Number of protein chains: 4
Amino acid sequence: MRTATAKRQRLMEAAARVVHQQGAERTTIADIARAADVPVGNVYYYYKTKDELVAAALGEHARQLGMLTGGLDLLADPRERLKGLVKAWVSQRDVAARYGCPTGTLAVELDKRAEGGLDAEAGRVIRLLLDWTERQFRELGLPDPDGLALTLVGAYQGMSLLANALRDPAVMTRQGDRLIGWLDSLPEGDRTPAAG
Amino acid sequence: MRTATAKRQRLMEAAARVVHQQGAERTTIADIARAADVPVGNVYYYYKTKDELVAAALGEHARQLGMLTGGLDLLADPRERLKGLVKAWVSQRDVAARYGCPTGTLAVELDKRAEGGLDAEAGRVIRLLLDWTERQFRELGLPDPDGLALTLVGAYQGMSLLANALRDPAVMTRQGDRLIGWLDSLPEGDRTPAAG
Amino acid sequence: MRTATAKRQRLMEAAARVVHQQGAERTTIADIARAADVPVGNVYYYYKTKDELVAAALGEHARQLGMLTGGLDLLADPRERLKGLVKAWVSQRDVAARYGCPTGTLAVELDKRAEGGLDAEAGRVIRLLLDWTERQFRELGLPDPDGLALTLVGAYQGMSLLANALRDPAVMTRQGDRLIGWLDSLPEGDRTPAAG
Amino acid sequence: MRTATAKRQRLMEAAARVVHQQGAERTTIADIARAADVPVGNVYYYYKTKDELVAAALGEHARQLGMLTGGLDLLADPRERLKGLVKAWVSQRDVAARYGCPTGTLAVELDKRAEGGLDAEAGRVIRLLLDWTERQFRELGLPDPDGLALTLVGAYQGMSLLANALRDPAVMTRQGDRLIGWLDSLPEGDRTPAAG
DNA sequence: GATGAATGAGACTTCATTCAT
DNA sequence: TATGAATGAAGTCTCATTCAT
């Protein structure tokens, strides 16, 4: 029991890591098996296809995202939560400059697929982030919270992509600062929760 | 000669198109050959490796970008040029929602590569766009023109990625409107060209 | 003990059924284990190799054949016994049209094998049927009883194969009627049992 | 052209031969490639899947059957044609005793498949033989010509299977003689061709 | 005896690249 | 130049069998 679950976990984490670094297409089952220290043939006991492993990698990223937002939820002020999110992004600047945003880059790859049902999976994880972000803007009482969420998350995806393409972590820092300033500049909205 | 050049051209265009739609890894030489109506064996006369074909696809995207900015340069007002750029992006909303930004998605794929020298190629094309954009902001006399360029191009990459991941062209429209508003809100800076 | 024997039995029956339906090569140990509701790892306690399981399936078919002929032996007239055999075949027409004769189709598959000793096993089961049939013809006092047995059993194998290949149970009915007619047309031979 | 066609031919013949000897499931692409003296990777240039190769093997058997019946058609008397068919079968007795009827055994294997569309293919080849046979009986003016065809072809499949299962070519000879006698015993029917 | 997990050989298939005309 | 054909190195996946509790 323990062992089985542990190995599944190891495989999932290894898949998340290696796929982030090499991309889904260039990553072989053998790569993941090696990274997880599991014999190749045994991988299929836990995940029946490579696609299932990629889905698991995506799930792992969703889990990590959940841990991040879960921690931020402890902050009282929604604005502080959003600023905390931006700071977390910036703290990952070196990884972003080398490999991009794990979910965003995976979305790019998977969206090219016509078949397999995996092509919409990454979108779902991104929507989790959008939804959480929108919730913060709504709590701030700002108008068009989902538009603001698109803007913030879009900015993150854009700066990650540029940092990656230019191989320059400073892009993350500079744009992160700008986003912090933007969040600070937003007015305090009407906090009265929408009736119904 | 003419024929040969024409075939090169056809292959380049086909590569740009097919690679944009399927991604570099999932695209086979045969796919491109078929799209260009060139026999498989003949491809190698024009491009010695698949990487060269991908580079050619990138070059084609750079060419198309050049045509776009070239057209915009005819406008007198830099602010109008930038707004024209945004409008051009939005006009491509359906393609973006399906396949993302050609250069951005290619950058994501190629940046995962450790070897081959192709990993930095996409960054160069993106820099062309950044440079042109920065030039407009500078001409407007605004401070930190390269930061502004990062912001504008980043926003484009971000909204393309989100539109693609969510399969929703409306993301392009909404964020495009926001960018137009932002550009309009920017103050008229000091137009005195930097002495240098 | 009881339990163990019961499991052996379940496995044998499951093997007979699944191998008949899917063929020996396409049937996996896991298929049989699932059909017998036995954990995969446990199968090997009862049958050391897959070949042993296939042999067991063959044994099960032999057992069922024995039950059939055993019942027919209760009939006083050998001719009636043979007609009963044919009727039993025809009653299985739907199964035959879908999967063929269990023993015959298994013989076809196993006979292709050069090694393992299993290649002659199916022949032995078929010989059981031939021997019983020959005995009936002999009891009828007919000349060349083993030739007649070959004819009858061959007709059965042939009509099963055709019914299966054409996916048409009517083949069994039509040819069954013909065989009944043939059996009825055979003269009453000299019943004096062969001395020695 | 010549080369390509020749290799396709070689592969088809090799597939027919090896699949007959080893069975479709136990035959690997490598086996066929080796038998045809073609590099494994090259096989796929001619046949996109293993199933296509098996279908080609079946086609080869159909072709050989066509050559046989084509030759027999030169005989004036339909009864002689049928007797010629039986004699041809008997002449193959050693192959039949070792590997069975090529088409019949392939039908047995393929009929176990639920998917792929190959499961009905062998039935089609067998029907070719049935149709030709039925035509002869009809020309003889006999009633129920398709029932007679089922009987004759069924007898062939049955005796091939028994000869194979018992590893005894004599089964072919004995049953062949019986069939010849049966054909000779059939009355000369009404030769008036059916109006219509 | 019972069982989930482990293992490794081997099968099918794809594809970038090269070759022979 | 042009082209169908050739080649071989991977990669994904399956499965009989074995192992460790």
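Contact here means heavy atoms within 4.5 Å. With that cut-off in hand, the interfaces of this predicted model can be walked through one by one, starting with chains C and D. Every one of the interface residues of chain C (100%) is also an interface residue in chain D, so the two copies meet through the same surface. The geometry tells a matching story. Chain C lands on chain D after a rotation of 180 degrees with 0.0 Å of shift along the axis, and the RMSD of that superposition is 0.1 Å. This is what a two-fold axis does. As for who sits by the axis, C:Gly158 is the residue of chain C that comes closest, with its C-alpha at 1.9 Å.

Next up is the pairing of chain A with chain B. Chain A brings 42 residues to the contact and chain B brings 43. About 3,700 Å² is buried between these two chains, with carbon and sulfur atoms giving 57% of that area. There is plenty of polar detail to look at too: 23 residue pairs are in polar contact across the A–B interface, both partners being at pLDDT 80 or more. Ten salt bridges also turn up between the two chains. One of them links A:Arg167 to B:Asp119, where the closest N and O atoms are 3.4 Å apart. On the chain A side, the elements that give two or more residues are α1 (2-22), α6 (93-99), α7 (102-110), α8 (121-139), α9 (145-166) and α10 (170-185). Of these, α9(A) gives the most, with 13 residues. Sorted by class, the side of chain A that touches chain B comes out as 13 nonpolar, 14 polar and 15 charged residues.

That leaves the DNA. Around DNA strand E there are 26 residues, and the ones that come nearest are A:Lys7, A:Pro39, A:Tyr45, A:Tyr46 and C:Tyr45. Looking from the DNA side, sugar and phosphate make up 77% of the strand E atoms that come within 4 Å of the protein. Individual phosphate contacts involve several chains. The side chain of A:Asn42 has an N or O atom 3.1 Å from a phosphate oxygen of strand E, while C:Asn42 places a polar side-chain atom 3.4 Å from a phosphate oxygen of that strand. B:Lys50 uses its backbone instead, with a polar atom there 2.8 Å from a phosphate oxygen of strand E. In terms of elements, α1 and α3 (40-46) of chain A and α3 (40-46) of chain C each supply at least two residues of the surface near strand E. By class, this surface has eleven nonpolar, ten polar and five charged residues.

Conventions: Residues numbered from 1 in each chain as written. Chains lettered and ligands numbered in written order. Predicted model: local features only at pLDDT ≥ 70, side-chain atom pairs only at ≥ 80, totals over all residues. Heavy atoms only, no water. Buried area = accessible area lost by both parts, 1.4 Å probe. Salt bridge = Lys/Arg side-chain N within 4 Å of Asp/Glu carboxyl O. Polar contact = N/O pair within 3.5 Å; in protein donor to acceptor, adjacent residues only side chain to side chain. Helix = DSSP H or I, 4+ residues; strand = E, 2+ residues; numbered from the N terminus. Nonpolar A, V, L, I, M, F, W, Y, C, P; charged D, E, K, R; others polar. Least-squares fit on C-alpha atoms with pLDDT ≥ 70 in both. Near = heavy atom within 4 Å.
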